Each structure stands twice: as C-alpha cells, then as structure tokens.
Amino acid sequence: MQQEIKCLDDGVEIEYKLTLASTYIGDKDEIINKEKVIEFHELYEFDFEIVEYPMSQNYVMVHFNIYDGEREYQAMYYYTQETYEQMTALEILRDFFGDEVSSTPGYKINSYWDSDRVVQLERTYPFIADKNKLKEYNSIGIWGNNG
C-alpha cells in the first residue's frame, strides 16, 4: 500500500507519495523527507490530507470492433475488474458507445446494432496496473473507467 499526501501551496496542488517505510517520493521520483517538505513549503502537519490507495489494481482491457458498412474499426477501453464483473456485454457497449445501442443482436457474438452500424465486444483480458501504467495507456489513446 502507498499513501498519497496532497497539500496546497499558494493554491497549487503538490503530490507526494509515502511508502510504509516512511520514504517520500516526490513528483519527479526524487526521495523527499516529510520534515523537509513541511519546512520547504512552510506547512504544518494539518495541511496534509493523507489518502491510502493500492499500488496496483486489477483491470480488464476490452477490445471493441465496429462494423460500419464495408469498413471495420477497433477501439480499446479498460474497466476495474469490480466494475467489469457487474456489467453485461450490452451494458459495456452502451457505456462506451452510448445509450443508442439497441438490444437487437448483430450478426456476431456479443454484437448489437448501433444505428446503421454493428458494435461488438470482441475480447477481454485481465491486467494489473498502477497509476503510472494507466498514464502510459492514456498517453497512447487508451482510456478507461477507474472505478
């Protein structure tokens, strides 16, 4: 487990992370001592909000196919495993493509009509990721539902 420490310095949010061994890691992964942080920013203990979060979480990557006439497209999106397990294929398609996805099945497994095209939940696979891995996915255009 890690703890996230957020403090406000002149209205600008600064994040610091704390491992259980009391080593702080700053925004650029440098090692920072809590007392030095407080001294440098002229803050007090009560200026910090401490939130615990797991270092890694279980996610499910979802691959979609979009059949639009003679053209085929693909898209990807991720969900937390807890969220994914509570949804049906149709609910996932409606979450990603919008509520206009009809309950009329398409011509493939887990596919449904969305206006004049067919959208399909083609495949899924589980993965484990932390905050940095999700940022990496976001940087290449893969977004997701973090819970």
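1. Some vocabulary to start: helices (H or I, at least four residues) and strands (E, at least two) are DSSP runs, numbered from the N terminus. Going that way along the protein, the elements read β-β-β-β-α-β-β-β-α-α-β-β-α-β, with four helices and ten strands.

2. A word on what you're looking at. This is a predicted model, where local features need pLDDT of at least 70 and side-chain atom pairs count only at pLDDT 80 or more, while totals for chains, interfaces and linings use all residues. Residues are numbered from 1 along each chain as its sequence is written, and side-chain values use heavy atoms, leaving out hydrogens and water.

3. On burial: 35% of the protein's 147 residues are buried (under 20% relative accessible area, with a 1.4 Å probe and protein chains only).

4. Now the inside. The largest nonpolar core (buried Ala, Val, Leu, Ile, Met, Phe, Trp, Tyr and Cys residues joined through side-chain atoms within 4.5 Å) has 16 residues, and Val62, Phe64, Leu93, Phe97 and Val101 have the most contacts inside it. At least two residues of this core come from each of β6 (57-68), β7 (71-80), α3 (89-97) and β9; α3 gives the largest share, five residues.

5. There's also a second, separate core of eight residues, including Met61, Tyr78, Phe127 and Leu134.

6. Have a look at Gln120 in strand β9 (residues 117-129). Gln120 counts as buried because its relative accessibility is 9%. Beyond neighbours within four places in sequence, the contacts of Gln120 include His63, Phe64, Leu93 and Lys108 (contact means heavy atoms within 4.5 Å).

Note on methods:
Buried means under 20% relative accessible area, exposed over 50%, partly exposed in between (1.4 Å probe, protein chains only).
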